Amino acid sequence: MWAALRFRLLPAIKLYLLGFKVLLNQLLNKPLKLPVMPRQDGKVAIVTGGGRGIGYEVVQNLARLGAHVIIGGRDEQRGLAAIKRICEEDKEARAGVMLVPESRTEDGFEQHFGVNYLGHFLLTWLLLDALKDSGKPGHVSCVVNVSSSAHSIGEIKLNDLNSCQHYSPHAAYCGSKLAQVLFSSHLHQKMQREGFPVVSCAVDPGMVDTALYRHLCTPLHLARSLIARILFRTPAEGAATVLSATLSPALDEASGGGYWANGRREMTTPPIFDLQLPLSLWEISLQLLGLQ
């Protein structure tokens, strides 16, 4: 019992302490103001979760800049077939989940791992040939994963990616965000080694007032409602960091990629520099999805 309590309690404490630190930082620092961005005429953007929150703001900005935007919706319980259809019909994809009770997608994957990470991995994989073909020197294709500072306290257990041994929604969420960052970093390095004009980066939009927090316990949900207008970023402010990373002139073959927060690249968690972990996660992901 004590072991189970430790596996559930410690990740929660670590995540909420991190959240307090992020909120304090947001209180002391002004949100990023999006600069004038170049026109995106003739470009195609696929935005998962584009119907609400940060995704909606990203869609609005890209459309105003002239991009052809394909909007992906949210359907947490659906399987990976929805991801495959976006490549075939340009209709549906997923956004993200946080602190959901223990459950599985219809494919059998733990919700955080399946929705936050594996679905985006599959979507990127299915579009990779198109990304390679459409990119060119000076006008690279770009893959942007919306991650979180929670990745810095996440753990990847390659022998228990579905959290079957001990389940903690807090640990599962943080682990899925770390998986996103590892995937993003590995993809970028892989594309550069192979000489393709594709860059990949992970972006932390900060703590943003969206529906992502709806699974908080009642006391914390009430507290969030009280402080959100003061300390949380608005969806438009969160989208500014995503758009800055997506459309920045600095995103080229030589200097693109990395982990972005507050409109600039930042150093991130040590596991990123473990070359074996991202490679192992990549290979296992291919196996789980039947792509290898």
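What share of the 292 residues of the chain counts as buried?

**View 1. The whole chain of the predicted model.** Of the 292 residues, 49% count as buried. The accessible surface comes to about 14,400 Å², and carbon and sulfur atoms account for 58% of that surface.

**View 2. Helices and strands along the chain.** The secondary structure is made up of 8 helices and 6 strands. From the start of the sequence to its end, these elements follow the order α-β-α-β-α-α-β-α-β-α-α-β-β-α. Contacts also link distant parts of the sequence: among those between residues at least 6 apart, 71% join residues at least 24 apart.

**View 3. The largest nonpolar core.** This core has 24 residues. Tyr 117, Phe 121, Ile 156, Leu 187 and Leu 281 have the most contacts inside it. At least two core residues come from each of helix 4 (111-134), helix 5 (169-194) and helix 8 (276-288). Helix 4 gives the most, with 7 residues.

**View 4. Surroundings of Ile 156.** Ile 156 is one of the residues with the most contacts inside the largest nonpolar core. Leaving aside residues up to four places away in sequence, Ile 156 touches Leu 161, Gly 175, Leu 178, Ala 179 and Leu 182, together with Leu 277 and Leu 281. Leu 281 is also among the residues with the most contacts inside that core.

**View 5. Another nonpolar core.** Apart from the largest core lies another, of 19 residues. Its members include Ala 45, Val 58, Val 59 and Val 69.

Notes. Residues numbered from 1 in each chain as written. Predicted model: local features only at pLDDT ≥ 70, side-chain atom pairs only at ≥ 80, totals over all residues. Heavy atoms only, no water. Helix = DSSP H or I, 4+ residues; strand = E, 2+ residues; numbered from the N terminus. Buried < 20%, exposed > 50% of the residue type's maximum accessible area, 1.4 Å probe, protein only. Contact = heavy atoms within 4.5 Å. Areas by Shrake-Rupley, 256 points an atom, 1.4 Å probe, with all protein chains shown as cover. Core = buried A, V, L, I, M, F, W, Y, C linked by side-chain atoms within 4.5 Å.
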